[in-house]
Amino acid sequence: MSGDPGPDPPAPEAPPAAAPARRTASVEETEALGEARAPALARGDVLLLTGPLGSGKTRFVAGLARGLAATARVRSPSFTLVNQYRGRELLLVHLDLYRVEPMDTDALGLEEEVERGALVVEWGEKLPGWLRRGSLALRFDIAGESERVLTASASQGRGLELLEAWRRAAEAP
């Protein structure tokens, strides 16, 4: 029996930190919220968008694309799975996993997509754990006919940096 205790056990994952919820009263406000958050994005970032159908996820992505100066019209990639929007300085990769089973997401080659730009994933809860770690999670809830409530959270790495940028943008006049 040697005196070497072996490798340290992995540190427990920190509980997610959250920012105050943001309420939007219209599609235009949801898009504007995305547009205002776009400058914080960098290549390799992952945003997980969760919430029911019709909760504003795609409209938020339209705002992100506009904030990155992408000129293409943003459409839900429900049937195409992936849409890409070239911004002035960053590629926005928009993925929709609504029709994909969680066990099938590992076969999608998402490592390459993350290396090429910022990955924004509708139905992001279906992503493999290795891609969810270090991400910013955005929960979309329907609060009325055109009102939405967005809640941001993260637990580690770059996700926490994006969460802080989300908080700062919320405090800006």
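Biologist: In this predicted model, which elements do the buried residues of H1 pack against?
Modeller: Start with the helix itself, which spans residues 27–37. Its buried residues are Thr-30, Glu-31, Leu-33, Gly-34 and Arg-37. Their packing partners are strand S2 (22–24), helix H2 (57–67), S8 and helix H5 (157–171).

Biologist: Why do the buried residues of H1 lie on the same side?
Modeller: An α-helix has 3.6 residues a turn, so residues three or four places apart point the same way. The buried set of H1 includes Thr-30, Leu-33, Gly-34 and Arg-37. The buried residues of H1 sit on the same side because they cover an arc of only 155 degrees around the axis.

Biologist: How many of the residues of H2 are buried?
Modeller: The buried list runs Lys-57, Thr-58, Phe-60, Val-61, Ala-62, Gly-63, Leu-64 and Ala-65. H2 is thus mostly covered. The count is 8 of its 11 residues.

Biologist: Which residue takes a positive phi just after H2?
Modeller: H2 covers residues 57–67. Just after this helix, phi turns positive, at about 70 degrees. The residue is Ala-69.

Biologist: Is Arg-22 buried, partly exposed or exposed?
Modeller: Arg-22 belongs to strand S2. It touches Leu-33, Arg-37, Arg-148, Val-149, Leu-150, Trp-166 and Ala-170, leaving aside residues up to four places away in sequence. Buried would need under 20% relative accessible area, and exposed over 50%. At 27%, Arg-22 is partly exposed.

Biologist: How far apart in space are Arg-22 and Phe-140?
Modeller: In sequence, 118 residues separate Arg-22 and Phe-140. From C-alpha to C-alpha, the distance is 9.7 Å.

Biologist: Which element gives the largest share of the lining of the largest cavity?
Modeller: The count is 1 cavity of 30 Å³ or more. The largest cavity holds about 70 Å³ of space. Its lining is Arg-37, Ala-40, Leu-41, Leu-47, Leu-64, Leu-136, Leu-162, Ala-165 and Trp-166. The largest share, 3 residues, comes from H5.

Biologist: How many residues of the lining of the largest cavity are charged?
Modeller: The lining has 8 nonpolar residues and no polar ones. Arg-37 is among the lining residues, and Arg counts as charged. The charged count is 1.

Biologist: Which residues lie nearest the centre of the largest pocket?
Modeller: This pocket has a volume of about 190 Å³. Its lining takes two or more residues from helix H4 (129–132) and from strand S8 (148–154). By class, the lining has 4 nonpolar, 5 polar and 3 charged residues. Of the 12 lining residues, those nearest the centre are Leu-48, Arg-132, Ser-135, Ala-137 and Ser-155.

Biologist: What share of contacts joins residues at least 24 apart?
Modeller: The chain has 5 helices and 8 strands, in the order β-β-α-β-α-β-β-α-β-α-β-β-α from the N terminus. Buried residues make up 44% of its 173 residues. Take the contacts between residues at least 6 apart in sequence: the share joining residues at least 24 apart is 64%.

Biologist: Where is the pLDDT below 50?
Modeller: The chain has a mean pLDDT of 86, with 88% of residues at 70 or more. Among the elements, confidence is highest in strand S7 (residues 136–142), at 97, and lowest in helix H3 (residues 110–116), at a mean of 80. Where pLDDT is low, the predicted coordinates should not be read in detail. The stretch below 50, with 0 contacts beyond near neighbours in sequence, is residues 8–12.

Note on methods: Residues numbered from 1 in each chain as written. Predicted model: local features only at pLDDT ≥ 70, side-chain atom pairs only at ≥ 80, totals over all residues. Heavy atoms only, no water. 1 Å grid on protein atoms, 1.4 Å probe; cavity = no way out; pocket = protein on both sides within 12 Å on 5 of 7 lines; lining within 4 Å. Points joined across faces, edges and corners; volume = space filled by probe spheres on them. Helix = DSSP H or I, 4+ residues; strand = E, 2+ residues; numbered from the N terminus. Buried < 20%, exposed > 50% of the residue type's maximum accessible area, 1.4 Å probe, protein only. Arc of directions from axis to C-beta. Contact = heavy atoms within 4.5 Å. pLDDT = per-residue confidence, 0-100.
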